[in-house]
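Work through the exercises below with the model open. Each task is followed by a stepwise solution.

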Amino acid sequence: MRLNLPGQIATVSLVFACAVTVAFASPKPSASAGQKVLEANHCTMCHSLKGVGGKIGPDLAGVGSRRKPDWIAKQIEDPKSHNAKSIMPSFAQLSKREREDLVAYLSTLKEVPASR
Ligand code: HEC
């Protein structure tokens, strides 16, 4: 076997560069990015959030307490999987990243215990 050091170094550097790119291109789902995805996709046409928005769908306040992240992800991708007659459109056309961010955001909307 012929030793091809420059070639090996180049290969190792390339693999490293790819790994770094992947690490930076797909950081953890971000709730703040998810809030922007929600705004950009007019979810509040049907859902209210913090007192603003439509009444066609349920208020999203506290949805993070009512629903598991997987359930929310499924609702966004395929609302008819939970309710065959759902009028909520599927948002499966969003990128995986955008849907993950949305789920991260909605999961932060916890039920606030009623104050006494
Ligand atoms: C055309 C109206 C409409 C739009 C737009 C819409 N939804 Fe919905 N959504 C509904 C309705 C109606 C329901 C009630 C359950 C069902 O019928 O699917 C619902 C249910 C949900 C639920 C479950 C809430 C719960 O407490 O059970 C989540 C989460 C949700 N929608 C998220 C979203 C997100 C995120 C968006 C934007 C990307 C969005 N929806 C856009 C109508 C809509």
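**Exercise 1.** Classify Gln-75 as buried or exposed, and place this residue in the fold.

Solution.
- Step 1. Count the neighbours: 22 other C-beta atoms lie within 10 Å of Gln-75. The model is a predicted one.
- Step 2. Apply the cut-off: a residue is buried if 20 or more other C-beta atoms lie within 10 Å of its own. Gln-75 is therefore buried.
- Step 3. Locate the residue: Gln-75 belongs to helix α4.
- Step 4. Check a separation: the C-alpha atoms of Gln-75 and Ala-92 are 9.7 Å apart, with their positions 17 residues apart along the chain.
- Step 5. Set this against the whole protein: 17% of its 116 residues count as buried.

**Exercise 2.** Describe how helix α4 packs against helix α5.

Solution.
- Step 1. Fix the elements: α4 covers residues 69-77, and α5 covers residues 96-107.
- Step 2. Read the geometry: the helices pack at an angle of about 130°, and their axes are 9 Å apart.
- Step 3. Classify the angle: angles over 145 degrees count as roughly antiparallel and 65 to 115 as roughly perpendicular, while the rest outside the roughly parallel range are oblique. α4 and α5 are therefore oblique to each other.
- Step 4. Assign the handedness: the crossing of α4 and α5 is right-handed.
- Step 5. List the contact: α4 contributes Pro-69, Ile-72, Ala-73, Ile-76 and Glu-77, which meet Arg-99, Leu-102, Val-103, Leu-106 and Ser-107 of α5.
- Step 6. Sort these residues by type: seven are nonpolar, one is polar and two are charged.

**Exercise 3.** Which residues come nearest to the ligand, and which helices each supply at least two residues of the shell around the ligand?

Solution.
- Step 1. Take the shell: 26 residues surround the ligand, and Cys-43, Cys-46, Gly-57, Ser-86 and Met-88 come nearest.
- Step 2. Assign helices: α3 (63-66), α4 and α5 each supply at least two shell residues.
- Step 3. Find the largest share: α4 provides it, with three residues.
- Step 4. Sort the shell by type: 16 residues are nonpolar, eight are polar and two are charged.

**Exercise 4.** What pattern do the helices and strands follow along the sequence?

Solution.
- Step 1. Count the elements: the protein has five helices and two strands.
- Step 2. Read them in sequence order: the pattern is α-α-β-β-α-α-α.
- Step 3. Look at the contacts: among those between residues at least 6 apart in sequence, 57% join residues at least 24 apart.

How values were computed
Residues are numbered from 1 along each chain as its sequence is written. This is a predicted model: local features need pLDDT of at least 70, side-chain atom pairs count only at pLDDT 80 or more; totals for chains, interfaces and linings use all residues. Axes are lines fitted to C-alpha atoms, for helices over the stretch in contact, and angles run from 0 to 180 degrees between N-to-C directions. Helices (H or I, at least four residues) and strands (E, at least two) are DSSP runs, numbered from the N terminus. Angles under 35 degrees count as roughly parallel, over 145 as roughly antiparallel, 65 to 115 as roughly perpendicular and the rest as oblique. A crossing is left-handed if the near helix is turned anticlockwise from the far one by less than a right angle, and right-handed if clockwise. Two residues are in contact if their C-beta atoms, placed from the backbone, lie within 7 Å. Ala, Val, Leu, Ile, Met, Phe, Trp, Tyr, Cys and Pro count as nonpolar, Asp, Glu, Lys and Arg as charged, and the others, Gly among them, as polar. A residue is near a molecule or strand if its C-beta atom, placed from the backbone, lies within 6 Å of it. A residue is buried if 20 or more other C-beta atoms lie within 10 Å of its own, exposed if 12 or fewer, and partly exposed in between; C-beta atoms are placed from the backbone.
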